[in-house]
Amino acid sequence: GRETTAQRAKEDGVDMATSREEFFSSSDVLTIHLPVVPSTHGIVTAADLAMMKSTSILINASRAIIIEEGALVDALRVGRPGKAAVDVYEEEPVLNGDHPLLKMDNVVCTPHLGYVTKEGHETAFGAAFDRLNAYVKGEPEGVINLELLK
């Protein structure tokens, strides 16, 4: 993690792993929630997964690209980690149930819906209807190419 994160954890009395090896080898449940930026592509490697316990569970609700390509499937086949839950895949959408993770007994797979909440939908649909109503009134909002409306 970042130095500021480590400092805040220390101030809050939270113990942190002192190394990457300790982090992966001691995790019982590892849940990934990282943004996709160039520095996070493949940040979790095959070597990291190999350090996990056979009883560990990895949850990826971020993006598949956070884990090195193919590493999770290979790691689960050898049992390190022992189980996983994912709602993201290297190629989306997954069509016809054609993804190796969907065929594994030690994986729970769902569609990428972790961000979906009633409140989130109400906010998004509310904003869409507000913009539609503004357009109908002749007062369009958020239009990038306004000149095309004239």
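Trainee: What makes four residues in the lining of the second largest pocket count as charged?

Mentor: In this predicted model, the lining includes Glu69, Glu90, Glu91 and Asp98. Asp and Glu count as charged, so these residues fall in that class. The lining also has five nonpolar and two polar residues.

Trainee: And why is Gly70 of that lining put with the polar or the nonpolar residues?

Mentor: Gly70 lines the pocket, and Gly is counted among the polar residues, so that is its class here. The pocket itself has a volume of about 200 Å³.

Trainee: Why is the other space called a cavity and not a pocket?

Mentor: A 1.4 Å probe fits in a cavity but cannot get out, whereas a pocket is open, so the name says that the space is closed to that probe. The structure holds one cavity of 30 Å³ or more, and about 110 Å³ of space lies in the largest cavity. Among its 13 lining residues, Ala64, Leu72, Val88, Glu90 and Leu101 lie nearest the centre. The lining divides into eight nonpolar, three polar and two charged residues.

Trainee: What makes Phe129 part of a nonpolar surface patch?

Mentor: Patch residues have over 30% relative accessible area, and nonpolar side chains are joined within 5 Å, so Phe129 as a member passes that area cut-off. The patch of about 780 Å² also includes Phe125, Leu132 and Tyr135. Phe129 lies in helix H5 (residues 118–136).

Trainee: How do you know how confident the predictor is?

Mentor: The mean pLDDT of the chain is 90, and 97% of its residues reach 70 or more. Confidence is lowest in helix H1 (residues 3–11), at a mean of 84, and highest in helix H3 (residues 46–50), at 98.

Methods:
Residues are numbered from 1 along each chain as its sequence is written. This is a predicted model: local features need pLDDT of at least 70, side-chain atom pairs count only at pLDDT 80 or more; totals for chains, interfaces and linings use all residues. Side-chain values use heavy atoms; hydrogens and water are left out. pLDDT is the predictor's confidence in each residue, from 0 to 100. Helices (H or I, at least four residues) and strands (E, at least two) are DSSP runs, numbered from the N terminus. On a 1 Å grid over the protein atoms alone, a cavity is a set of points where a 1.4 Å probe fits but cannot get out, and a pocket is an open set with protein on both sides within 12 Å along at least five of seven lines; lining residues have an atom within 4 Å of a point. Grid points are joined across faces, edges and corners, and a volume is the space filled by probe spheres set on the points. Patches are made of residues with over 30% relative accessible area and no salt bridge: like charges are joined within 9 Å, nonpolar side chains (Val, Leu, Ile, Met, Phe, Trp, Tyr) within 5 Å. Accessible areas come from the Shrake-Rupley method with a 1.4 Å probe; for residues, only the protein chains shown count as cover. A salt bridge is a side-chain nitrogen of Lys or Arg within 4 Å of a carboxyl oxygen of Asp or Glu.
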